[in-house]
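Thanks, everyone. Let's take a quick look at one structure together. Here it is.

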Amino acid sequence: MAAIVRPREGRMLGGVCAALARRFGISTTTMRVIFLASCLLPGPQFLLYLALWVLLPGEKTASTAW
């Protein structure tokens, strides 16, 4: 099972929806629509998003030597 990381490209706010979309193999737009639709239901969706934003590591990039 591959690790979930927040991508540097294609993210709007924190990259959580982009990371989950990449992990489940669906488009980022679809994942964002699912998240927004879930906000109509009762529950801690915003808290879960914030927690994932903090807990998911960012994608590493190739660093250049100075």
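Start at Lys-60. It is exposed, with a relative accessible area of 75%. The cut-off for exposed is over 50%, so Lys-60 qualifies. Keep in mind that this is a predicted model.

Where does Lys-60 sit? Look in the segment after α3, the helix that covers 45–55. Now find Pro-7. Along the chain, Pro-7 and Lys-60 are 53 residues apart. In space, their C-alpha atoms are separated by 8.5 Å.

Next, the inside. Which residues make up the largest nonpolar core? There are 7 in all: Val-16, Cys-17, Leu-20, Ala-21, Met-31, Phe-35 and Tyr-49. Two helices, α1 (16–24) and α2 (28–38), each supply at least two of these core residues. The largest share comes from α1, with 4 residues.

Stay with Val-16, one of the core residues. Set aside its neighbours within four places in sequence. Val-16 is then in contact with Arg-6, Tyr-49, Leu-52 and Trp-53. Tyr-49 is itself a member of the core.

Trp-53 takes us to the surface. It belongs to a nonpolar patch there, with Met-12, Leu-13, Leu-47, Leu-50, Val-54 and Leu-55. Together these residues have about 820 Å² of accessible area.

Pick out Leu-47 from that patch. It lies in helix α3. Is Leu-47 buried or exposed? Its relative accessible area is 61%, so it counts as exposed.

That's the tour. Over to you for discussion.

Key. Residues are numbered from 1 along each chain as its sequence is written. This is a predicted model: local features need pLDDT of at least 70, side-chain atom pairs count only at pLDDT 80 or more; totals for chains, interfaces and linings use all residues. Side-chain values use heavy atoms; hydrogens and water are left out. A nonpolar core is a set of buried Ala, Val, Leu, Ile, Met, Phe, Trp, Tyr and Cys residues joined through side-chain atoms within 4.5 Å. Buried means under 20% relative accessible area, exposed over 50%, partly exposed in between (1.4 Å probe, protein chains only). Contact means heavy atoms within 4.5 Å. Patches are made of residues with over 30% relative accessible area and no salt bridge: like charges are joined within 9 Å, nonpolar side chains (Val, Leu, Ile, Met, Phe, Trp, Tyr) within 5 Å. Accessible areas come from the Shrake-Rupley method with a 1.4 Å probe; for residues, only the protein chains shown count as cover. A salt bridge is a side-chain nitrogen of Lys or Arg within 4 Å of a carboxyl oxygen of Asp or Glu.
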